[in-house]
Amino acid sequence: RERLVRPQCRIVPPRGRQLAALVECPAIAELSRANDFEGLDLGHVNVLQDTASLVFAKQYGFRFGDVPSRFLAPTIEVLSCDFARDAPGDWKAEMEHLVTCSEAGTAHCVVLFWEASQGGPGTPSWEGADTLMMSTDPRATRSNFARDMQWGQGIQLLEDLDAEALDAVRNPGGISTRPPTPLVVKAGEQLRAAVRLSSDSVVLQFGV
């Protein structure tokens, strides 16, 4: 924007939002853990399960919208962006969001997607009266193969950090051999989601 266009140019689309949701998805749980093989117990390999990194669904080798899943809480807005004004590093390094679960289940992962929009009420006249929006929400891209292959969704596996901390106190010797504890939620339960951003605002990390 600063190198290639003139001042006051019109950016299209002018704004976007980064969104996230707690999702129950047995397929991603199955895909990301080691199972027994012909009587060989591979359970200890699950200690290495990565619950700290955000990975794109297509890197796992599948379209998220093609496998059964349930959204366990309303979508939260992680951040919003004005493409004509905001720049990398403008957001806090760590933010916290309250999430109220609407359904009970196991939150296997947090799924991240974005939407870009233009026009509608309260926007400059040049944008138009109607709201135009493009989204990578997996519920909106089930019939849009090209959009999923180009952008898709981000996925971060989740674990119950409170249960992990309590178990570490009770059994400190088992820390190195304990796989991540699944995050089981109840309907109406409130959770605190910590969102961490890298200094260039490119990498996101969640803790629930």
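The largest cavity in this predicted model is lined by Ala20, Ala21, Leu22, Ala73, Pro74, Ile76, Val99, Val110, Ala193, Phe206 and Val208. Sorted by type, the lining turns out to hold 11 nonpolar residues, with no polar and no charged ones among them. Strand S1, which covers residues 15-24, gives the most to this lining, chipping in three residues.

How is a hole like this found in the first place? Rolling a probe the size of a water molecule over the atoms shows where empty space is left. Here, the volume of the largest cavity comes out at about 70 Å³. With the cut-off set at 30 Å³ or more, the count comes to one cavity.

Stepping back to the chain around that hole, the protein is built with four helices and 12 strands. Its C-alpha trace spans about 65 × 35 × 35 Å along the principal axes. The chain has 208 residues, and 38% of them count as buried, meaning that they have under 20% relative accessible area.

Then there is the question of which parts of the sequence touch each other. Taking the contacts with a separation of 6 or more, 76% are made by residues 24 or more positions apart. As for the outside, the accessible surface of the protein chain adds up to about 12,300 Å². Carbon and sulfur atoms account for 54% of that surface.

Conventions: Residues are numbered from 1 along each chain as its sequence is written. This is a predicted model: local features need pLDDT of at least 70, side-chain atom pairs count only at pLDDT 80 or more; totals for chains, interfaces and linings use all residues. Side-chain values use heavy atoms; hydrogens and water are left out. On a 1 Å grid over the protein atoms alone, a cavity is a set of points where a 1.4 Å probe fits but cannot get out, and a pocket is an open set with protein on both sides within 12 Å along at least five of seven lines; lining residues have an atom within 4 Å of a point. Grid points are joined across faces, edges and corners, and a volume is the space filled by probe spheres set on the points. Helices (H or I, at least four residues) and strands (E, at least two) are DSSP runs, numbered from the N terminus. Ala, Val, Leu, Ile, Met, Phe, Trp, Tyr, Cys and Pro count as nonpolar, Asp, Glu, Lys and Arg as charged, and the others, Gly among them, as polar. Buried means under 20% relative accessible area, exposed over 50%, partly exposed in between (1.4 Å probe, protein chains only). Contact means heavy atoms within 4.5 Å. Accessible areas come from the Shrake-Rupley method with a 1.4 Å probe; for residues, only the protein chains shown count as cover.
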